[in-house]
Amino acid sequence: MKDSDLLKFSADIGEIMLSSGAETHRVEDTLERLLSVGAPREPETFVTTTGIFICIKNYQGDPFTMVRRIKNRGTNLEKLIAANALSRDFTSGKVNLKEAVERLEEIKNIKSFKPYLVVLSDGLVSGGFAIMLGSSITDGICAAVIGMLLGIFIYFYSRSRSEVLFEGFIGGAIISVLAVAAVRFGIGTYVDGIIIGAAMPLVPGVAITTAIRDIMEGDYVSGVSRMMEAVLTAVAIAGGAGIALNMFGGGLL
């Protein structure tokens, strides 16, 4: 087993985990376990939300380093679970490096959910939260429809651009405009309940949870950066919704 092959495999599996929503301390622990298989290489790893830094010592005792830039981040629990299972099988000796690389390629090719399922899920989340938070059935239905329209916007927006803050700002504005329209046309009753429910698909809940776990583990750089990204996203959503309400929602609040 070549050190270069093991290093590349470890970086690949770390990239999948980090881009799928894993905490940085979990990625670091996984990489150190992978790089310790077969020989005492004295691995050193440093992981942030946007990069992976790995250093090992080869058989001659010379340092061997690899850096991997993480450009795309999101949440894909299916890939994350598969990557965790592969790392456990490799460290326990159930698969060799060649077999692990083949399984890793299969994990990379795991397809996301169909767009229509994501849109329907956005609608269910939006309507369900609106009703759970005290809105009427009618307002819940309005929030569900607006949530699905928001899901369609996110789908097409994410295919061309990746600015999360701008997506949150425009998404918040769309929600407010549609909620105001629903109330003005007599379909909905309370604007605030519809907006709160429809905004749930935009809320960065996973990012906030991951940030807290990173901070609790002592990974302050990654934890604070994730938390700042989540807070800015929430501010962008609130800003877009607030501006739209001031422009079109007079007398409805």
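A helix here is a DSSP run of H or I with at least four residues, and helices are numbered from the N terminus. The model shown in these views is predicted.

**View 1. The whole protein, with 10 helices and three strands.** From the N terminus on, the order of elements is α-α-β-β-β-α-α-α-α-α-α-α-α. Two helices therefore come before the three strands, and the other helices follow them. Along the principal axes, the C-alpha trace spans about 75 × 30 × 30 Å. The protein has 253 residues, and 42% of these count as buried. Among contacts with a separation of 6 or more, 63% are between residues 24 or more positions apart. The exposed area is about 13,800 Å², of which carbon and sulfur atoms supply 62%. There are 23 positive and 26 negative charges, and their mean positions lie 5 Å apart.

**View 2. A nonpolar patch on the surface, of about 720 Å².** The residues that make the patch are Ile131, Ile137, Ile141, Val145, Leu149, Ile152, Tyr155 and Phe156. Which helix gives the most to the nonpolar patch? Helix α6, residues 137-160, does so, with seven residues. One of the patch residues, isoleucine 152, has its place in helix α6. Is isoleucine 152 buried, exposed or partly exposed? Its relative accessibility is 38%, which lies between the cut-offs of 20% and 50%, so isoleucine 152 counts as partly exposed.

**View 3. Glutamate 23 and arginine 26, joined by a salt bridge.** The structure holds 11 salt bridges, and this view shows one of them, with a distance of 3.4 Å from N to O. The two partners differ in how far they are covered. Glutamate 23 has a relative accessible area of 4%, under the 20% cut-off, and is therefore buried. Arginine 26, with 28%, is partly exposed.

**View 4. Arginine 33 and aspartate 29 within helix α2.** Helix α2 covers residues 24-35, and both side chains of this pair belong to it. The two residues are four positions apart, about one turn of the helix. Their side chains meet in a salt bridge of 2.9 Å, N to O. Arginine 33 counts as exposed because its relative accessibility is 53%, over the 50% cut-off. Aspartate 29 is partly exposed, at 35%.

**View 5. Arginine 103 and aspartate 89, in a salt bridge between two helices.** The closest N and O atoms of this pair are 2.9 Å apart. Arginine 103 belongs to helix α4 (residues 97-108) and aspartate 89 to helix α3 (residues 77-91), so the salt bridge ties together parts that are 14 residues apart in sequence. Aspartate 89 is buried, with a relative accessibility of 19%. Arginine 103 is partly exposed, at 28%. Elsewhere, salt bridges with shared partners join Lys8, Asp12, Glu15, Arg68, Glu105 and Lys108 into one network.

**View 6. Arginine 73, in the loop between β3 and α3.** Strand β3 takes in residues 63-69. Arginine 73 has a relative accessible area of 38% and is partly exposed. Which residues are in contact with arginine 73, apart from its neighbours within four places in sequence? They are Ser19, Thr49, Thr50 and Glu229. Methionine 17 is 56 residues away from arginine 73 along the chain, and the C-alpha atoms of the two are separated by 9.7 Å.

**View 7. Glycine 197, a buried residue of helix α8.** Helix α8 is made of residues 191-198. The relative accessibility of glycine 197 is 0%, which is under the 20% cut-off, so this glycine counts as buried. Beyond its neighbours within four places in sequence, glycine 197 is in contact with Ser126, Phe129, Ala130 and Ala143. Threonine 233 is 36 residues from glycine 197 along the chain, with a C-alpha separation of 17 Å.

How values were computed. Residues numbered from 1 in each chain as written. Predicted model: local features only at pLDDT ≥ 70, side-chain atom pairs only at ≥ 80, totals over all residues. Heavy atoms only, no water. Buried < 20%, exposed > 50% of the residue type's maximum accessible area, 1.4 Å probe, protein only. Contact = heavy atoms within 4.5 Å. Areas by Shrake-Rupley, 256 points an atom, 1.4 Å probe, with all protein chains shown as cover. Lys, Arg positive; Asp, Glu negative; His and termini not counted. Charge placed at Lys NZ, Arg CZ, Asp CG, Glu CD. Patch = residues over 30% accessible without salt bridge, like charges linked within 9 Å, V, L, I, M, F, W, Y side chains within 5 Å. Salt bridge = Lys/Arg side-chain N within 4 Å of Asp/Glu carboxyl O.
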